[in-house]
Amino acid sequence: MSNNISLIISREYTTRVKKKSFIIITLLLPVLIAAVIVLPVLLVMQSEKSQTANVLVVDETDIFINAFEETENTTFSYQSGDINQLKQDAFDNKKYDCVFHILRNSQGLKSNLYYKSNLPSGLQGKLESQMDEIFFNRILQDSLHIEPARFERLQDLTKVDITTIQVDDQGTERENIAEMNEIIGMMCGFFIYFIIVIFASQVLRGVLEEKTSRIVEVLISSVKPLHLLIGKIVGIAMVGLTQLAIWLVLTFGILGGIQLAAPDLFQSDTATELSAESIQNAEAPAELTENINIFQKINEFFPISFTEIILSFIFFFIVGYLIYATLYAATGSVVDNESDSQQYTMPVTIPLLLAIILIPTISTNPNGQLAFWFSMIPLTSPITMMVRLPAGVPLWQLLTSMGLALLFLAFCIWFAAKIYRMGILMYGKKSGWKEIFKWLKKA
């Protein structure tokens with residue numbers, strides 16, 4: 001790489017990295033990501049801890065008297081009498097938060113839950129689940145003469161458990177969750193789409209700014225147009241990679257800091273309910289008492305290694321960005337404003353949009369013909385292949401897709417260099433497709 005290209009890359013990189021917008025977005029996004037992950041959990045946990053419910057039960061059926069199970073935050077009291085008077089007394093004296101009225105009805109159970117200000121979170125669902133179990137046990141005893149404990153044992157004996165196991169071409173079997181693979185694949189596809197579009201669009205705007213401000217005339221007097229094009233594309237690519245690296249480091253750093261500050265934040269209910277005595281007696285499950293390597297767990301979860309997903313993501317991000325950045329740079333060189341660039345970028349953008357539209361379809365059938373061919377077409381493969389990867393892709397297909405993308409990238413560089421060299425110094429004239437094809441024929 002010549003010294004001129006290195007200088008252009010350094011210029012593109014430093015000018016963008018020093019911008020306030022880059023610094024703000026780079027520092028703010030990991031905080032937002034961590035907040036999106038942590039805040040809902042904290043809000044729900046705090047809501048459940050802070051919300052207490054004193055419930056007055058008025059049962060006309062006498063089935064549920066003293067039957068509801070109390071918790072740390074929920075207590076039950078039982079009375080009988082006129083419901084209107086009981087409601088008035090309960091709310092006027094502020095002794096109870098809710099009044100639960102179970103009606104006598106020959107066609108089934110009906111009930112009303114009255115509250116004054118706020119209904120405690122999850123209370124309705126807890127009451128419904130407990131009522132279902134209590135009423136069902138009553139039917140077992142009174143109508144079928146079956147003890148509930150015996151029925152539970154029968155349920156355990158007849159419980160069905162299906163494990164999904166994926167078999168690869170070598171016959172290796174691995175437990176797999178297909179639904180989770182679909183979600184991971186869709187997330188990868190959408191994410192790589194957004195970052196490709198964002199950074200490739202920066203190339204388009206950068207070329208337009210230099211052309212409209214006539215700065216490019218000064219630059220062209222010192223460097224070749226091809227060197228200027230390569231320097232600009234590589235410089236912005238390095239900005240994107242820097243931003244991605246900082247996002248990953250800061251996001252994991254913030255989550256790690258939260259976990260160190262509050263180690264019980266994401267602790268499961270099973271772990272919290274285990275007593276110290278049961279752990280000492282080795283009654284606790286092994287996964288709760290031994291150190292777990294999270295990366296080993298991730299590798300066990302996916303049908304391919306987590307490392308392969310990360311490396312493939314980096315490859316398709318870089319190649320996908322370079323393909324679209326070169327084409328966007330060529331577009332910026334033949335127009336004088338961003339609105340005119342739409343007619344030239346549309347043929348390139350349509351395959352990208354089509355890949356986004358088909359993400360749900362491809363994620364549900366990642367090995368179908370549609371998914372296969374879209375993962376081979378270089379303009380759609382960066383998105384489609386990342387959607388397919390979590391479900392497992394044969395190595396030859398992955399390597400073929402990468403090879404085709406690299407070949408198409410070489411063509412895009414040649415194509416963009418031809419157009420950029422001719423169009424970057426043209427002002428006040430809107431170049432048509434016929435003129436662009438003439439540029440391509442020139443040496």
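1. Asp-62 counts as exposed in this predicted model, because its relative accessibility is 53% and the cut-off for that class is over 50%. Asp-62 is found in the loop between strands S1 and S2, and its phi is near 65°, a positive value in a residue other than glycine. Most residues other than glycine have a negative phi, which is a good reason to look at this loop with some care.

2. The loop between S1 and S2 also holds Asn-66, and here again phi is positive, at about 55°, although the residue is not a glycine. Is Asn-66 buried or exposed? With a relative accessible area of 63%, Asn-66 is exposed.

3. For the chain as a whole, the secondary structure comes to 19 helices and six strands, and 37% of the 443 residues count as buried. The accessible surface of the chain is about 26,000 Å², and 60% of that surface belongs to carbon and sulfur atoms. When contacts with a separation of 6 or more are considered, residues 24 or more positions apart account for 68% of them, and several of the points below give examples of residues that are far apart in sequence.

4. Helix H4 covers residues 123-142, and its length can be checked by a short calculation. How far should the 20 residues of H4 span at 1.5 Å a residue? The expected span is 28 Å, and because the C-alpha atoms at the two ends are 28 Å apart, the model agrees with the expectation.

5. Within H4, the buried residues are Leu-123, Leu-127, Gln-130, Met-131, Ile-134, Asn-137 and Leu-140. An α-helix has 3.6 residues a turn, so residues three or four places apart point the same way; a student may find it useful to follow the numbers of the buried residues in H4 with this rule in mind. The buried residues of H4 pack against four strands, namely S1 (53-59), S2 (74-79), S3 (98-103) and S4 (110-115), and also against helix H5 (148-157).

6. On the surface, a nonpolar patch is formed by Leu-241, Ile-310, Leu-311, Ile-314 and Ile-318, which together have about 390 Å² of accessible area. Which helix gives the most to the nonpolar patch? Helix H13 (residues 306-334) does, with four residues. Ile-310 is found in H13, and Ile-310 is classed as partly exposed because its relative accessible area is 38%, a value that lies between the limits of 20% and 50%.

7. Ser-401 belongs to helix H18, which covers residues 395-423, and Ser-401 counts as buried because its relative accessibility is 0%. Leaving out residues up to four places away in sequence, Ser-401 touches Phe-316, Ser-375, Met-376, Ser-381 and Met-385. One of these partners, Phe-316, is 85 residues from Ser-401 in sequence, while the C-alpha atoms of the two are 9.7 Å apart in space.

8. Two loop residues are worth reading together. Pro-390 is found in the loop between helix H17 (381-388) and H18, and Pro-390 counts as buried, at 0% relative accessibility; its C-alpha atom is 6.8 Å from that of Ile-184, although 206 residues separate them in sequence. Thr-380 lies in the loop between helix H16 (369-374) and H17 and is also buried, with a relative accessibility of 2%. Apart from neighbours within four places in sequence, Thr-380 is in contact with Pro-351, Ala-355 and Phe-374.

9. Ser-10, in helix H1 (residues 3-17), is partly exposed, with a relative accessible area of 38%. Which distance separates the C-alpha atoms of Ser-10 and Lys-232? They are separated by 9.2 Å, although the two residues are 222 residues apart along the chain.

10. Finally, a word on the cysteines: how many disulfides does the structure hold? The number is zero. Cys-98 is buried, with a relative accessible area of 0%, and Cys-412 is likewise buried, with a relative accessible area of 1%.

Note on methods: Residues numbered from 1 in each chain as written. Predicted model: local features only at pLDDT ≥ 70, side-chain atom pairs only at ≥ 80, totals over all residues. Heavy atoms only, no water. Patch = residues over 30% accessible without salt bridge, like charges linked within 9 Å, V, L, I, M, F, W, Y side chains within 5 Å. Areas by Shrake-Rupley, 256 points an atom, 1.4 Å probe, with all protein chains shown as cover. Salt bridge = Lys/Arg side-chain N within 4 Å of Asp/Glu carboxyl O. Buried < 20%, exposed > 50% of the residue type's maximum accessible area, 1.4 Å probe, protein only. Expected span 1.5 Å × (residues − 1). Contact = heavy atoms within 4.5 Å. Disulfide = S-S within 2.5 Å.
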